[in-house]
Amino acid sequence: QLMCKNLREFDMIGRFGSDQFLLILPNVRVSEAMFGLERLRELVEASHWSGSEPLLTISGGVTEYTGEDTPVLIEHAASLLTAAREAGQNRLCVNMDIF
């Protein structure tokens, strides 16, 4: 609900696994999307605290559709998600090649 309230009305969100969501943000470049996604990550973290530790955080892989097949695009985002988790979690990893 928190994510839906803080995305644009035409953005799409869906569960992609037991603890994963897939967000589709049409008509926006990754460089522009990062502002809103980082704000969302901070909002989720700030909304779910217990003592001195956050109870809920967002780690994400962010990429841009450039015409590849859907499985290739999802695999690319998944590898960026893995990088975010391995880098300490609660962060977004983005494909810097598209900047």
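## Arg 8, Asp 11 and their salt bridge

In this predicted model, Arg 8 and Asp 11 bring their side chains together in a salt bridge, with 2.6 Å from N to O. A general idea helps here: side chains of opposite charge can pair when their charged atoms come close. To find one partner, look at the loop between helix 1 and strand 1, where Asp 11 lies.

Are the two partners buried or exposed? Arg 8 has a relative accessible area of 32%, so it is partly exposed. Asp 11 has a relative accessible area of 12%, and because the cut-off for buried is under 20%, Asp 11 counts as buried. If you would like a sense of distance, try Asp 11 and Glu 75: they are 64 residues apart along the chain, and their C-alpha atoms are separated by 20 Å.

## More salt bridges

How many salt bridges does the structure hold? There are 5, and the pair you have just met is one of them. Another is formed by the side chains of Arg 29 and Glu 64, at 3.1 Å from N to O. This pair links distant parts of the chain, with the two positions 35 residues apart: Arg 29 sits in the loop between strand 2 and helix 2, and Glu 64 in the loop between strand 5 and helix 3. Arg 29 has 46% relative accessibility and so counts as partly exposed, whereas Glu 64, with a relative accessible area of 13%, is buried.

Helix 2 has a salt bridge of its own to show you. Here the side chains of Arg 41 and Glu 45 meet at 3.6 Å, N to O. Both residues belong to helix 2 and are 4 residues apart, which is about one turn of the helix. Arg 41 is buried, at 10% relative accessibility. Salt bridges with shared partners also bring in Glu 38, so that Glu 38, Arg 41 and Glu 45 form one network.

## Two strands and a hairpin

Now follow the chain to strand 1, which covers residues 12-15. How does strand 1 pair with strand 2? The two run in the antiparallel sense, and 4 bridges connect them. One spot to look for is Met 12, whose bridge partner in strand 2 is Ile 24. Between the two strands, the chain passes through 5 residues that make the hairpin joining them.

## The largest pocket

Strand 2, which spans 21-24, also helps to line the largest pocket. This pocket holds about 1,300 Å³ of space. Its lining has 41 residues, and those nearest the centre are Phe 21, Leu 22, Leu 23, Gly 60 and Gly 61.

Which elements each supply at least two residues of this lining? Besides strand 2, they are helix 1 (2-5), helix 2 (30-47), strand 5 (60-62) and helix 3 (70-86). Helix 3 gives the largest share, with 7 residues. Sorted by class, the lining has 25 nonpolar residues, 11 polar residues and 5 charged residues.

## Positive phi angles after helix 3

Most residues other than glycine have a negative phi. With that in mind, which residue in the loop between helix 3 and strand 6 has a positive phi of about 65 degrees? The residue is Gln 89, which is not a glycine and which lies in that loop. Its relative accessible area is 44%, so Gln 89 is partly exposed.

Asn 90 also has a positive phi, near 50 degrees, and is a residue other than glycine. You will find Asn 90 in the loop between helix 3 and strand 6. Asn 90 is buried, with a relative accessible area of 18%.

## Asn 95 and His 76

A last stop is Asn 95, placed in the segment after strand 6, which covers 92-94. Is Asn 95 buried or exposed? With 11% relative accessibility, Asn 95 counts as buried. Its side chain is joined to that of His 76 by a polar contact of 3.5 Å.

Notes: Residues are numbered from 1 along each chain as its sequence is written. This is a predicted model: local features need pLDDT of at least 70, side-chain atom pairs count only at pLDDT 80 or more; totals for chains, interfaces and linings use all residues. Side-chain values use heavy atoms; hydrogens and water are left out. On a 1 Å grid over the protein atoms alone, a cavity is a set of points where a 1.4 Å probe fits but cannot get out, and a pocket is an open set with protein on both sides within 12 Å along at least five of seven lines; lining residues have an atom within 4 Å of a point. Grid points are joined across faces, edges and corners, and a volume is the space filled by probe spheres set on the points. Ala, Val, Leu, Ile, Met, Phe, Trp, Tyr, Cys and Pro count as nonpolar, Asp, Glu, Lys and Arg as charged, and the others, Gly among them, as polar. Two strands pair if DSSP finds at least two bridges between them. A salt bridge is a side-chain nitrogen of Lys or Arg within 4 Å of a carboxyl oxygen of Asp or Glu. Buried means under 20% relative accessible area, exposed over 50%, partly exposed in between (1.4 Å probe, protein chains only). A polar contact is a pair of N or O atoms within 3.5 Å; within protein, one must be able to donate a hydrogen and the other to accept it, and residues adjacent in sequence count only if both atoms are side-chain atoms.
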